[in-house]
Amino acid sequence: WPLSEVVTSEQEQLYADVFTMLLSVRKAGKHVNSAWLAIHRQGLLLGRQRLHDKTEHKLQLLFQALRTRIGILLENLMFYFQSDVVDSYMSDLTSQLEQSSDGFPEAVKLHKKAMSGIYAECFVGSRVISSCLVQILEQAETFASLVSQWERSLKYDEELDLRSVLDGLEKLERDFNRSSGLLFELLSSVKSVQGSSNLARLILRLDWNGMYSRLTLHSKNQLK
């Protein structure tokens, strides 16, 4: 089969958009983990750290809490995109092609249907959701940068304005709470319309401890 007849230029763009999103999530997660591991390698967490004042102690606790929340969100998004959506659709497509007896026209139709589903369930076509995701990825990169600044100051015994770093981290926490809460609310509204089992599983994993449900309820109460 001629590949250009199966994967058209339009579908090539769909592939590019989807995998750009996947790689962006993976890159942000890698940067967050790499920055955090740098501190672990220095043996500075809960061990030989310079916790000589309350500001630095508060800074460490906030770094740990925010790293956990950002990490959980990115890991769940990556698992959803890769396993729940892409792998699932491609596995179904492979099975359908093996069972198909209509030849090339049916293959083109099945591939187009699979790519449309992947594109939709990765939210690439939703400007609101994709914009929210971009904000979260930018916040993850900001977190990695703040961790790196702190790690360098500890490693080389450099002076660092801890109050300034703490202020930046507290602002980042507020921004991340808003963005991740909005994402959860948007995904919940999409699930209620589409009834997607993949999306339902993502929402269940994200809200495993009820945190996002509480954030959403708090936001609604503030609007009343």
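How many helices and how many strands does the chain have? With the whole chain on display, you will find eight helices and zero strands, and, going from the N terminus on, the elements run α-α-α-α-α-α-α-α. Please keep in mind throughout the tour that this is a predicted model.

Before selecting anything in particular, colour the chain by burial: of its 224 residues, 41% count as buried. If you then show the surface, the chain exposes about 12,700 Å², of which carbon and sulfur atoms supply 54%. Among the contacts between residues at least 6 apart in sequence, 80% join residues at least 24 apart, and the stops below include some contacts of the chain to look at one by one.

**First stop: L137**

Select helix α5, which covers residues 127-155, and find L137 within this helix. Is L137 buried or exposed? Its relative accessibility is 10%, and L137 therefore counts as buried, since the cut-off for that word is under 20%. Now show the neighbours of L137: leaving aside residues up to four places away in sequence, L137 touches S24, V25, A28 and L74. Add K27 to the selection as well, for although K27 and L137 lie 110 residues apart along the chain, their C-alpha atoms are separated by 9.0 Å.

**Second stop: helices α3 and α7**

Two packed helices are described by the angle between their axes and the distance between the axes. Select helix α3, residues 54-99, together with helix α7, residues 197-206, and you have a pair that packs at an angle of about 160°, with the axes 10 Å apart. Because an angle over 145 degrees counts as roughly antiparallel, α3 is described as roughly antiparallel to α7. The crossing in which α3 passes α7 is right-handed.

Which residues meet where α3 and α7 come into contact? On the side of α3, select L73, N76, L77, F79, Y80 and D84, and on the side of α7 select N198, L199, R201, L202, R205 and L206, which they meet. If you colour this contact by residue class, seven of its residues are nonpolar, two are polar and three are charged.

**Third stop: E170**

Move on to helix α6, residues 162-194, where E170 has its place. With a relative accessibility of 17%, E170 falls under the 20% cut-off and so counts as buried. Which residues does E170 touch, not counting those up to four places away in sequence? Show K58, L62 and R163, and you have the residues that E170 touches on that count.

Conventions
Residues are numbered from 1 along each chain as its sequence is written. This is a predicted model: local features need pLDDT of at least 70, side-chain atom pairs count only at pLDDT 80 or more; totals for chains, interfaces and linings use all residues. Side-chain values use heavy atoms; hydrogens and water are left out. Helices (H or I, at least four residues) and strands (E, at least two) are DSSP runs, numbered from the N terminus. Buried means under 20% relative accessible area, exposed over 50%, partly exposed in between (1.4 Å probe, protein chains only). Contact means heavy atoms within 4.5 Å. Accessible areas come from the Shrake-Rupley method with a 1.4 Å probe; for residues, only the protein chains shown count as cover. Axes are lines fitted to C-alpha atoms, for helices over the stretch in contact, and angles run from 0 to 180 degrees between N-to-C directions. Angles under 35 degrees count as roughly parallel, over 145 as roughly antiparallel, 65 to 115 as roughly perpendicular and the rest as oblique. A crossing is left-handed if the near helix is turned anticlockwise from the far one by less than a right angle, and right-handed if clockwise. Ala, Val, Leu, Ile, Met, Phe, Trp, Tyr, Cys and Pro count as nonpolar, Asp, Glu, Lys and Arg as charged, and the others, Gly among them, as polar.
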